[in-house]
Amino acid sequence: MDFSFCMPAKVLVGSGIVGQNAALLGSLGSRCLLVTGKNSARLSGALDDVTAALDSQGIPWSVFDGIGQNPLLSSCHAAGQAAREFGADFLVGIGGGSPLDAAKAAAVYAANPELSPRDIYGGHKNPALPFALVGTTSGTGSEVTRVSVLTDDETGRKKSVATPDLYARVSLGDPCRYTASLSRRFTISTALDAVAHAVESYFAKTADPITRACSVEALLLLIPALRAIQEPDALPDSDGRRRLYLGSIYAGLAFNGPGLCFPHAMGYLLSEEYGVPHGEACAVFLPQFIETATREEAQLSSRLFAKLGVRKQELCTFLAGFTQGLELPSFTDGELEALLPRWEDSPNMGRTPGSFDREKRLAVLKKIFQS
């Protein structure tokens, strides 16, 4: 088999998209739990639009707004319990990647009351409740993936769950409205996450022609939109917001099948231990990844840079410019050696072009944390 591509989520993007599809939301069930963070769903206007749509269909709803950044297993489990207590038969996740991923997990917990928080990693018997997703950032691509990234309360480590029932029944995006309240830093950080999705999945050993085409389309949207806001205090205009959002969706399509490589796995170190926003944490490792990938996959890289109209070094310098102000930790040789077991069993390392063995991992860490 040369490739297998499946993306069953219905995706609708445009101005006023939620109100226009109230009946579609209403078709998912008769009682709804909304899963959100504390502020973004309200500030973006998405929460008001969704509740108005549900009201128009006569559907009772309740809000669970206890989802923070890097959603905890315990929060998702609590959301699932809240769904059962309310009698919800479907969910709507509203927000950035954290509430969207949390809604996926909550839909599993709601349908499987016997699961403890950590049991979700071992599979589940009953399919997740139906759910819809309304994105308010341009980064994770969770709207179109079967992936939910969750943080273990006990270890503080992120770990993904990926099952076919974690595809949304419908994803709705109104980027010119819902992403307009994002700060410049959050806009850039989420866009860098999308760039990482596209670049990593393009070079992944598990990629195929369709996913690579999605990667290219994502980067053709994301890179010019990021160039337009390089200057301090610059924010995207409406067209820039639209391009960033569509770029994140294409990037989600790109990595949903093949998965990701070492920047995401190693980037978790910075987000879990040092509070660096996820997209920026991944971007720290992107220039080194591009160097590795182009060395191992010369033909693939030549095709990519030709389609993008940039040179390798130009792209690396451009991406590095967005993380230059970060205060990264410094590590001794011994401390870096002690970090290596963290990625020993990571599938991201196996997807990385070439043989990304222990010595190559150590070389990347030294380049970033000792230069």
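Asp233 is exposed in this predicted model, since its relative accessibility reaches 72%, above the 50% that marks an exposed residue. The residue belongs to the loop between α9 (209–227) and α10. Its backbone also deserves a look: phi of Asp233 is near 75 degrees, a positive value in a residue that is not glycine. For context, most residues other than glycine have a negative phi. Asn70 offers a second case, with a positive phi of about 55 degrees although it is not a glycine either. This residue sits in the loop between β3 and α5. Asn70 counts as partly exposed because its relative accessibility is 27%, a value that falls between the 20% and 50% limits.

The loop that holds Asn70 starts from β3, and this strand leads to the sheet. Six strands, in the order β1-β8-β5-β4-β2-β3, make up an open sheet with parallel pairing. At its edges stand β1 (10–13) and β3 (61–64); each has a single partner strand, so one side of each is left without a neighbour in the sheet. From one strand to the next, the twist averages 20 degrees. In general, the strands of a sheet pair through backbone hydrogen bonds.

At the β3 edge, strand β2 (residues 32–35) pairs with β3 in the parallel sense over 4 bridges. Within this pairing, Leu34 is placed opposite Val63 of β3. Helix α5 (residues 73–86) packs on the sheet here, touching both β2 and β3, and its direction makes about 160 degrees with that of β3.

Elsewhere in the sheet, strand β4 (residues 90–95) runs parallel to β5, and 5 bridges join the two. Gly95 has Gly135 of β5 as its bridge partner. Strand β5 (residues 131–135) is largely enclosed by the rest of the structure, because 5 of its 5 residues are buried. In a regular strand, side chains alternate between the two faces of the sheet. In β5, Phe131, Leu133 and Gly135 point one way, while Ala132 and Val134 point the other way, and all are buried.

Another buried residue is found among the helices. Cys261 lies in the loop between α10 (238–256) and α11 (262–274). Its relative accessible area is 0%, so Cys261 is buried. Leaving aside neighbours within four places in sequence, Cys261 is in contact with Glu200, Ala204, Phe289, Asn348, Arg351 and Thr352. The C-alpha atoms of Cys261 and Tyr202 are 9.8 Å apart, while 59 residues separate the two along the chain.

Turning to the empty spaces, the structure holds 1 cavity of 30 Å³ or more. The largest cavity has a volume of about 30 Å³. Its lining is formed by Ser138, Thr179, Leu182, Thr187, Arg241 and Leu244, which divide into 2 nonpolar, 3 polar and 1 charged.

Among the pockets, the second largest has a volume of about 390 Å³. Of the 15 residues that line this pocket, Val284, Pro287, Ala320, Lys367 and Ile368 lie nearest its centre. Helices α12 (278–296), α14 (312–320) and α17 (358–369) each supply at least two residues of the lining. By character, the lining of the second largest pocket comprises 7 nonpolar, 6 polar and 2 charged residues.

Definitions and conventions
Residues numbered from 1 in each chain as written. Predicted model: local features only at pLDDT ≥ 70, side-chain atom pairs only at ≥ 80, totals over all residues. Heavy atoms only, no water. Buried < 20%, exposed > 50% of the residue type's maximum accessible area, 1.4 Å probe, protein only. Contact = heavy atoms within 4.5 Å. 1 Å grid on protein atoms, 1.4 Å probe; cavity = no way out; pocket = protein on both sides within 12 Å on 5 of 7 lines; lining within 4 Å. Points joined across faces, edges and corners; volume = space filled by probe spheres on them. Nonpolar A, V, L, I, M, F, W, Y, C, P; charged D, E, K, R; others polar. Pairing = 2+ DSSP bridges. Axes fitted to C-alpha atoms, helices over the stretch in contact; angles between N-to-C directions.
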